[in-house]
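Here's a quick briefing to read alongside the structure. Take a look at the chain below, then work through the points by topic.

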Amino acid sequence: MEENTAAVQTPLTLLGLGAMGTALARAWLAAGHPLTVWNRTAARAESLGAEGATVARTAAEAVAANRLVVACLLDDASVRQTLADTDLTGRDLVNLSTSTPGQARALADWAQRRGARFVDGGIMAVPPMIGVEGSGGYVFYSGSTDLFETHRDVLAVPAGTRYVGADPGFAALHDVALLSAMTGMFAGVAHAFALIRREEIPPRDFAPLLEGWLTGMAPFVRLTAAQLASGDYVTGTESNLAMMVAANETLLNTAREQGVGTELLTPYLDLMARRLADGHGAESDTGVIDLLLR
Ligand code: FVH
């Protein structure tokens, strides 16, 4: 993250002052960047006005104020609504609102047709991590390389930056891929806590065991990547599908014994069983990925 220095003071506009937008605004103000803000509900901009931001009355006025315009709004629809009556000619638009890759690509097309350069971003952080050195938070960016290079320093103020390519959909794709993996992990965690829920196992004692196990298992993603790259799902496999599918019966039976639903487990276990039935027992579960592709 940038030092609080007068040397780099790119003026910019921020549209959207929700929890994330407000955190971004405070980080840029703290770093000395002249900031114009706009929010649909004007009252949310008042405190930032008192902290040094210029508060625009309309989105059009905010966009007109600076070349660099950042949107951090609820979703794609709110970005479209907000930008509908603005003049984007000559603007560098950075969209940090969560979107699908398709929405990001369509927005990029739309913005470019209106005379703007465009970069999409996927924020891998929660508001308390924004502007905090060493928090580990970062933002995936993709789209116009020129825009990203021009504004790399100011974009690095709130959180680290990872530029993942000229395709404007790639930031959203990376973002959603990581969020989807996290969702699967949360599902597994919910099931694990449900298994012990009625026993005299304090969740607080169980939590460090769970954390340690998940941390220990995380590097397996590198084996998956290596197998996908080579197309060989056997080499490097230590726990093969035949063994895992057999063990899955114990997972399901334990859930039944504990009076716990299996709905969080069965979608994945069913795919493993299908892959085994297709004759891939010596492989790891990397082949499940191929079953998912439609
Ligand atoms: N907060 C988080 O933990 C996550 C971390 C990862 C990234 N997400 C994404 O960031 C976008 C903004 O999230 P947020 O936390 O700021 O969200 P809210 O606090 O709910 O604020 C939403 C803002 O969007 C404005 N808004 C909503 N609908 C419209 C609309 N139709 N037209 C104009 N503005 C709209 C809303 O305005 P208001 O309700 O105050 O008038 C807020 O400024 C988001 O994509 C997350 O997925 C955050």
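Across the interface of domain 1 and domain 2 in this predicted model, the salt-bridge rule comes up with zero hits. Carbon and sulfur atoms, on the other hand, give 76% of the roughly counted contact surface there, which is about 490 Å² of buried area.

**The two domains**
- The domain assignment splits the chain into domain 1 (6–166) and domain 2 (174–292).
- Measure between their centres, taken over C-alpha atoms, and you get 37 Å.
- On the domain 1 side, seven residues touch five residues of domain 2.
- Met 124, Phe 140 and Val 164 are the domain 1 residues that lose the most area to domain 2, and together they make up 60% of what that side buries.

**Helix 4**
- Helix 4 covers residues 76–83, and its buried residues are Asp 76, Ser 78, Val 79, Thr 82 and Leu 83.
- Looking down the axis of helix 4, those buried residues fall within an arc of 165°, so they line one face of the helix.
- What do the buried residues of helix 4 pack against? Their partners are two helices, helix 3 (59–65) and helix 5 (101–113), plus strand 1 (12–15), strand 2 (35–38) and strand 5 (92–95).

**Confidence**
- The chain has a mean pLDDT of 96, with 97% of its residues at 70 or more.
- Residues 1–6 are another story: pLDDT stays under 50 there.
- For that stretch, residues 1–6, the model has 18 contacts beyond four places in sequence.

Note on methods
Residues numbered from 1 in each chain as written. Predicted model: local features only at pLDDT ≥ 70, side-chain atom pairs only at ≥ 80, totals over all residues. Heavy atoms only, no water. Buried < 20%, exposed > 50% of the residue type's maximum accessible area, 1.4 Å probe, protein only. Helix = DSSP H or I, 4+ residues; strand = E, 2+ residues; numbered from the N terminus. Arc of directions from axis to C-beta. Contact = heavy atoms within 4.5 Å. pLDDT = per-residue confidence, 0-100. Domains from an automatic or database assignment. Buried area = accessible area lost by both parts, 1.4 Å probe. Salt bridge = Lys/Arg side-chain N within 4 Å of Asp/Glu carboxyl O.
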